[in-house]
Amino acid sequence: MFTQAIVRKPGKNFAAGITSASLGTPDYELILTQHENYVQALNRLGLNIISLEAEPDYPDAYFVEDTAVVTPLVAVIARPGAPSRRGEEDSIEPVLARFRPTVRIRPPGTVDGGDVIMAENRFFIGLSARTNAEGARQLGRILKEHGHTWETVPAGVGLHLKSSVNYLGRQTLLVTQSFAGHKAFKAYHQIILDPAEEYAANTLWVNDCLLIPAGFEKTGNKLKALGLPVVDLHTSEARKMDGGLTCMSIRF
Ligand code: CIR
């Protein structure tokens with residue numbers, strides 16, 4: 001069970017963040033409402049919310065997931081792959097240091113937390129434009145020292161590995177079509193997304209509840225069949241900035 005979630009309010013300049021989406025200009029008031037609903041959903045699931053102030057110099061900083069990988073025994077402070085995001089991790093480290101020993105990814109390694117799937121004791125580290133082989137090697141070494149197994153997986157077409165694959169508990173993964181049957185995931189039961197609903201790959205499993213992006217009915221129905229509570233949350237504005245549900249918190 002997770003007991004804590006670190007979140008950060010989107011700043012007024014959040015629309016200056018990096019994006020490849022062509023979904024229009026995001027709305028500040030609307031992202032604040034959507035973000036607040038997300039935070040309340042985490043709080044209702046029993047997580048204590050550690051809410052950080054916006055970072056004026058870092059418009060993407062509310063995507064806090066990318067700044068750390070937290071296991072029950074250690075907090076690995078990431079080194080974001082995008083130069084404009086490097087430094088976001090500096091204000092996360094002292095917060096995590098209250099709960100776990102911290103270890104940093106060092107240059108030339110880069111890791112974005114969005115590339116790291118924690119499936120119980122096993123970690124999948126996506127190699128992407130943000131997470132390089134050296135970053136994965138450093139992270140893997142730290143994870144191994146703490147009793148975890150790990151392997152790398154090319155992240156594919158999404159921004160991060162978790163744009164395409166997420167762990168839902170009970171040895172089950174939610175995967176896009178291009179990851180269906182992937183050899184790295186053959187030990188898992190796989191729920192394969194409808195091609196029109198691949199954004200919903202970024203579903204968040206928290207304390208045996210599934211937070212899913214609103215508007216993906218087929219995925220919602222497939223996930224309800226797992227028998228877990230499913231909560232729909234609106235993410236239209238984060239999506240315009242290439243983000244989603246997992247990105248906006250660090251759970252531990
Ligand atoms: C970025 O490009 O870094 C942000 N605009 C989106 C980051 C999304 N984070 C995530 O998927 N973990």
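Let's start at the ligand. One of its nitrogen atoms sits 2.7 Å from a polar backbone atom of Ile18. Keep in mind that this is a predicted model.

Two side chains also make polar contacts here. Asp66 has a side-chain N or O atom 2.8 Å from a nitrogen atom of the ligand. Arg130 has a side-chain N or O atom 2.8 Å from an oxygen atom of the ligand. How much of the ligand does the protein cover? On its own, the ligand has 350 Å² of accessible area, and the protein covers 98% of that. There are 14 residues around the ligand. Those that come nearest are Ile18, Arg85, Arg130, Met241 and Cys247.

Next, the nonpolar cores. A general point to begin with: in soluble globular proteins, nonpolar side chains tend to be buried together. Here, the largest nonpolar core has 22 residues. Which residues have the most contacts inside it? They are Tyr38, Leu42, Tyr62, Phe63, Leu204 and Leu211. Four elements give two or more residues to this core: helix α1, residues 28-44, and the strands β1 (4-8), β12 (204-206) and β13 (209-213). Helix α1 gives the largest share, 5 residues.

Take Leu42 from that list. Look past its neighbours within four places in sequence. Leu42 is then in contact with Ala5, Val7, Leu47, Ile49, Leu204, Val206, Leu211 and Ser249.

Apart from this core lies another one. That core has 14 residues, including Ala119, Ala155, Val175 and Phe179.

Phe179 brings us to the aromatic rings. The count of aromatic pairs comes to 10. Phe179 pairs with Phe185: the ring centres are 6.2 Å apart. Why is this pair called tilted? Because the ring planes stand at 50°. Both partners are buried: Phe179 has 4% relative accessibility, and Phe185 has 0%.

A second pair joins Tyr199 and Phe216. Their ring centres are 5.8 Å apart, and their planes are at 40°, so this pair is tilted too. Where do the two residues sit? Tyr199 is in the loop between β11 (189-192) and β12, and Phe216 is in the loop between β13 and α4 (217-224). They are 17 residues apart, and the pair links distant parts of the chain. Tyr199 counts as buried at 17% relative accessibility, since the cut-off is under 20%. Phe216 is buried as well, at 10%.

Ring pairs also build a cluster. Its members are Phe124, Tyr167, Phe179, Phe185, Tyr188 and Trp205.

Now a lysine. Lys162 lies in the loop between β8 (149-154) and β9 (165-167). Is Lys162 buried or exposed? Its relative accessibility is 10%, so Lys162 counts as buried. A polar atom of its side chain lies 2.8 Å from the backbone oxygen of Val116. Again leaving aside neighbours within four places in sequence, Lys162 has contacts with Glu65, Gly113, Gly114, Val116, Ile117, Ala201, Asn202, Thr246 and Arg251.

Last stop: back to helix α1. Asn37 has its place there. This residue is partly exposed, with a relative accessible area of 37%. Which residue lies 7.4 Å from Asn37, C-alpha to C-alpha? That is Leu233, and the two are 196 residues apart in sequence.

Terms used. Residues are numbered from 1 along each chain as its sequence is written. This is a predicted model: local features need pLDDT of at least 70, side-chain atom pairs count only at pLDDT 80 or more; totals for chains, interfaces and linings use all residues. Side-chain values use heavy atoms; hydrogens and water are left out. A nonpolar core is a set of buried Ala, Val, Leu, Ile, Met, Phe, Trp, Tyr and Cys residues joined through side-chain atoms within 4.5 Å. Buried means under 20% relative accessible area, exposed over 50%, partly exposed in between (1.4 Å probe, protein chains only). Contact means heavy atoms within 4.5 Å. A residue is near a molecule or strand if one of its heavy atoms lies within 4 Å of it. A polar contact is a pair of N or O atoms within 3.5 Å; within protein, one must be able to donate a hydrogen and the other to accept it, and residues adjacent in sequence count only if both atoms are side-chain atoms. Accessible areas come from the Shrake-Rupley method with a 1.4 Å probe; for residues, only the protein chains shown count as cover. Rings of Phe, Tyr and Trp (its six-membered ring) pair if their centres lie within 6.5 Å; planes under 30 degrees apart count as stacked, over 60 as edge-to-face and the rest as tilted.
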